[in-house]
Amino acid sequence: MQIILVSRTKKVPKTWNLADKRLRFRLFGLAAAAVLGCAGLGGAVAMAVASPHDRALAEIRQLRQQVQQQNLQLTGVRKDAQRDIDALAVKLGQLQAQSTRLNALGERLTQVGKLDDGEFNFDEQPAVGGVEDSADSAYALPPTLNASIDQLAGQFDSQQAQLSALQSLLLDAKIESNLKPTGMPVEGYISSYFGGRPDPFSGHAAYHTGLDISAPKGTPVHAVAEGMVTFAGERTGYGDVIEIDHGNGYMTRYAHNSKLDVSPGQRVHVGDVVSEAGSTGRSTGSHVHFEVWYKGRVVNPLAFVKNHR
């Protein structure tokens, strides 16, 4: 089969032999290209004239997919946040337990320090004040957890203030106690009390300015309070004597010693050995004459000895 094309311009006619395979392949390719071109053109026309409703549905489906992905991400964030909150809650419980132990410790210290009831109440916050801070925070914890943390922080501030005051008070009380004459300066018995008595040598009425504590010669004599040695030597009637100034109006004197173990200017503490009992000066036997002075006036040492007991 042949196809003859004749031109109007009287040119030589063209002849196509359909029995030629190459020609048939070329014609088939041209036909296929024409079909595909028509199909593409038809699709483009269909998209151009498609309903807006269909386009909106497609966009909605796409948005739904995005929302689902965001929900998955949000679920992961919530799980991470919940883990963090759980960890904070556990830590908060531990801090609350520590707060309870601090309260118990404060109450025991109050009892040990023999403070008045109600002077340190660890169940209440101390009265405080200050300028209001109106600055907003950039991040806020959940209300219940945030309130618990704020409450716990307030409790710790309260405990710190009260424990600091309690420590200061107990320290002051300890210092004051150490500076106040307390107890017997030597082991023995009281052979003569403070006040009026017959003079042991003349038998006349006399005023005894201290306590005589009978003790064997060489018995250690101890300081009854913390202070500074202001005199160590011999005084008329007292024999070898030690005088200690305690810096709070009190002064103590230890007389008739056989030996002096401290010197003026030396710092002594409660219980330190300052001398040894003897019978120097105006004395009938080995003992310690113990005097207590307060603000320049001699006072009865018996009250301080009994306070120790």
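Is Arg235 buried, partly exposed or exposed? With a relative accessible area of 32%, Arg235 is partly exposed. Keep this residue in mind, as we will come back to it through its salt bridge with Glu243. Please note that the structure above is a predicted model.

Let us begin with the whole chain. It has four helices and 14 strands. Of its 309 residues, 24% count as buried. The accessible surface comes to about 21400 Å², and carbon and sulfur atoms account for 56% of that area. If you take the contacts between residues at least 6 apart in sequence, 61% of them join residues at least 24 apart.

A good place to step inside is strand β10, residues 250-260. Eight of the 11 residues of β10 are buried, so this strand is largely enclosed by the rest of the structure. Which strands pair with β10? One of them is β9, which runs antiparallel to β10 and is joined to it by five bridges. Within that pairing, Ile244 has Thr252 of β10 as its bridge partner. The two strands form a hairpin with four residues between them, and Gly247 in the turn has a positive phi of about 75 degrees.

Strand β13 also pairs with β10, in the antiparallel sense and over six bridges. Here you can look for Met251, whose bridge partner in β13 is Trp293. Strand β12, residues 273-277, is another antiparallel partner of β10, with three bridges between them. In this case Asn257 is matched with Ala277 of β12.

Now we can return to Arg235 and follow the charges across these strands. The side chains of Arg235 and Glu243 meet in a salt bridge, with 2.8 Å from N to O. Glu243 counts as buried because its relative accessibility is 7%, under the 20% limit. Glu243 also meets Arg253 in a salt bridge, again with an N to O distance of 2.8 Å. That pair links distant parts of the chain, 10 residues apart: Glu243 lies in strand β9 (residues 239-245) and Arg253 in strand β10.

Arg253 is buried too, at 10% relative accessibility. Its side chain forms a salt bridge with that of Glu291, at 3.0 Å from N to O. This pair spans 38 residues of sequence, from Arg253 in β10 to Glu291 in strand β13 (residues 287-294). What is the relative accessibility of Glu291? The value is 0%, so Glu291 counts as buried. Through shared partners, the salt bridges join Arg235, Glu243, Arg253 and Glu291 into one network. In the model as a whole, the count of salt bridges comes to seven.

From here, move to strands β4 and β5. Strand β4 covers residues 195-198 and strand β5 covers residues 205-208, and the two pair in the antiparallel sense over four bridges. Arg197 stands opposite Ala206 in β5. These strands form a hairpin as well, this time with six residues between them. Gly203 in its turn has a positive phi of about 80 degrees.

Arg197 also leads us to the largest pocket. Rolling a probe the size of a water molecule over the atoms shows where empty space is left. About 410 Å³ of space lies in the largest pocket. Its lining holds 23 residues, and those nearest its centre are Arg197, His208, Asp212, His256 and Arg282. Strands β3 (189-192), β5, β6 and β13 each supply at least two residues of this lining.

One last stop is Thr219, in the loop between β6 (211-214) and β7 (220-222). Is Thr219 buried or exposed? Its relative accessible area is 16%, so Thr219 is buried. Leaving aside residues up to four places away in sequence, Thr219 touches Val186, Glu187, Ser275, Glu276 and Ala277. Ala277 is a residue we have already met, as the bridge partner of Asn257 in the pairing of β10 with β12.

Terms used: Residues numbered from 1 in each chain as written. Predicted model: local features only at pLDDT ≥ 70, side-chain atom pairs only at ≥ 80, totals over all residues. Heavy atoms only, no water. Buried < 20%, exposed > 50% of the residue type's maximum accessible area, 1.4 Å probe, protein only. Contact = heavy atoms within 4.5 Å. Areas by Shrake-Rupley, 256 points an atom, 1.4 Å probe, with all protein chains shown as cover. Pairing = 2+ DSSP bridges. Salt bridge = Lys/Arg side-chain N within 4 Å of Asp/Glu carboxyl O. 1 Å grid on protein atoms, 1.4 Å probe; cavity = no way out; pocket = protein on both sides within 12 Å on 5 of 7 lines; lining within 4 Å. Points joined across faces, edges and corners; volume = space filled by probe spheres on them.
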